[in-house]
Amino acid sequence: KNNKVLTNINFFLKKGSKVGIVGGSGSGKTTLLNILMGLLSPNSGEMKIDDKNFNDIDINSFQNKIGYVSQNGYISDKSIIENVAFGQTKESIDEKKIIEVLKVAQLYDFILNELDGNLESSVGENGIKLSGGQRQRLRIARMLYYNPEIIILDEATNALDLITETNLVKSINQKYEDKTIIAIAHRVNTLKDYDNIYIMNNGRILDQGKYEKLYNNNDFFKQ
C-alpha cells in the first residue's frame, strides 16, 4: 500500500510573491505547508532555499522569518493590546503599530464602535468575549505585529464572512506587497489577486496558475 501523502510535488515560490493553495480536505495542503515551514522533511526529492539545500540552512533563523496563522490559536485572558503584542513587556509595546495592524486585520472598527476604542479591553478566557471571526482577526493582527518576511495563512480566514475576508486579504496584499504570502483558502475567489494558485487533490498538484486561467479551465473552481 502506498502511504505517501504527497506525490510528485513541484512547488516554486518566488520571494515577494502571493501564492494560494486550494483543495478538499485530505488533499495534502497542510502536509505541503509543514514541509515548506521545515516542520516535516520529505523522504524523497529535495527542497532548496536560494539555491541552498534545505538541510544546509539554519532552520531556526528561517522559521523566525515566518508568521503563521491557522484557524485555531492561542488567545490569552488579557487585553486586546497584550494579545496583539503577545510576549512583549508593556513598556516596549508600540501602540501606533498595534492600531496599524488592527486596521489591516479589519478589527479596528469593531474596537472603535463596540469598545469605545479601548485597546485595554479584556477579551476573556480564550477570547470568549469575541466572535470566532474576531478571534481569527486578532491572531492575524498579532502575526502582522511581529512583521515576518513570510506570511502563512492556513485557512486563517474561514470564520469570516465573504466581504470581511475579501477586504482582509486585499489589505494584507496591499500593505505587505513586498512580503511572501502563502494562503490555504476555503473560498477560492479570495485569491483572485494572487500570483499563482495551486489546486491539490490526493497529494498531487492538479493544476496551477492565476485565478482567471484556472476558473476558465478547472471544474474545482466552479463548485
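This note sets out points on the cavity, pockets, surface, backbone and salt bridges of a predicted model.

1. The enclosed space. The structure contains one cavity of 30 Å³ or more. The space in this largest cavity comes to about 60 Å³. Helix H7 (162-175) and strand E6 (180-184) are the elements that contribute two or more residues to its lining.

2. The cavity lining. The residues around the largest cavity are Leu153, Glu155, Ala156, Thr157, Glu165, Val169, Ala183, Ile184, Ala185, Thr190 and Leu191. Sorted by class, this lining comprises seven nonpolar, two polar and two charged residues. Glu165 belongs to the lining of the largest cavity, and its relative accessibility of 1% is under 20%, so glutamate 165 counts as buried. The same residue takes part in a salt bridge, treated under point 8.

3. The largest pocket. The volume of the largest pocket is about 1500 Å³. Two or more lining residues come from each of helix H1 (29-36), strand E2 (48-49), helix H2 (59-63), strand E5 (150-154) and E6. Of these elements, H1 gives the most to the lining, namely four residues. Strand E6 also gives two or more residues to the lining of the largest cavity. That strand therefore appears in the lists for both the cavity and the largest pocket under the DSSP numbering of elements.

4. Composition of the largest pocket. The lining of the largest pocket consists of 44 residues, and those nearest the centre of the pocket are Phe11, Leu36, Met47, Lys48 and Ile49. By class, 20 residues of the lining are nonpolar, 11 are polar and 13 are charged.

5. The second largest pocket. A volume of about 270 Å³ is found for the second largest pocket. Its lining has 14 residues, with Tyr68, Val69, Arg139, Arg142 and Met143 nearest the centre. Strand E4 (66-69) and helix H6 (132-145) each provide at least two residues of this lining. The largest share, four residues, is that of E4. The class count for the second largest pocket is seven nonpolar, five polar and two charged residues.

6. A nonpolar patch. Tyr74, Phe86 and Tyr146 make a nonpolar surface patch of about 320 Å². Tyrosine 146 sits in the loop between H6 and E5. Its relative accessibility is 40%, so tyrosine 146 is classed as partly exposed.

7. Positive phi angles. Most residues other than glycine have a negative phi. Which backbone angle of glutamine 106 deserves a check? Phi of glutamine 106 is near 60°, a positive value in a residue other than glycine. Glutamine 106 lies in the loop between helix H4 (95-104) and helix H5 (108-114), and with a relative accessible area of 24% it is partly exposed. Asparagine 202, also not a glycine, has a positive phi of about 50°. Asparagine 202 belongs to the loop between strand E7 (196-201) and strand E8 (204-209). At 60% relative accessibility, asparagine 202 counts as exposed.

8. Salt bridges. Side chains of opposite charge can pair when their charged atoms come close. The structure holds six salt bridges. In one of them, arginine 187 pairs with glutamate 165, and the closest N and O atoms are 2.6 Å apart. Because arginine 187 lies in the loop between E6 and E7 and glutamate 165 in helix H7, the pair ties together parts 22 residues apart in sequence. Arginine 187 is partly exposed, at 28% relative accessibility, whereas glutamate 165 is buried.

9. A pair between distant parts of the chain. A salt bridge joins the side chains of lysine 15 and glutamate 149, with an N to O distance of 3.6 Å. Lysine 15 lies in the segment before strand E1 (18-22) and glutamate 149 in the loop between H6 and E5, so that 134 residues separate the two. The loop between H6 and E5 also holds tyrosine 146 of the nonpolar patch. Lysine 15 counts as exposed, at 67% relative accessibility, while glutamate 149 is partly exposed, with a relative accessible area of 39%.

10. A further pair. Lysine 213 and aspartate 207 form another salt bridge, in which the closest N and O atoms are 3.5 Å apart. With a relative accessible area of 38%, lysine 213 is partly exposed.

Technical notes:
Residues are numbered from 1 along each chain as its sequence is written. This is a predicted model: local features need pLDDT of at least 70, side-chain atom pairs count only at pLDDT 80 or more; totals for chains, interfaces and linings use all residues. Side-chain values use heavy atoms; hydrogens and water are left out. On a 1 Å grid over the protein atoms alone, a cavity is a set of points where a 1.4 Å probe fits but cannot get out, and a pocket is an open set with protein on both sides within 12 Å along at least five of seven lines; lining residues have an atom within 4 Å of a point. Grid points are joined across faces, edges and corners, and a volume is the space filled by probe spheres set on the points. Ala, Val, Leu, Ile, Met, Phe, Trp, Tyr, Cys and Pro count as nonpolar, Asp, Glu, Lys and Arg as charged, and the others, Gly among them, as polar. Patches are made of residues with over 30% relative accessible area and no salt bridge: like charges are joined within 9 Å, nonpolar side chains (Val, Leu, Ile, Met, Phe, Trp, Tyr) within 5 Å. Accessible areas come from the Shrake-Rupley method with a 1.4 Å probe; for residues, only the protein chains shown count as cover. A salt bridge is a side-chain nitrogen of Lys or Arg within 4 Å of a carboxyl oxygen of Asp or Glu. Buried means under 20% relative accessible area, exposed over 50%, partly exposed in between (1.4 Å probe, protein chains only).
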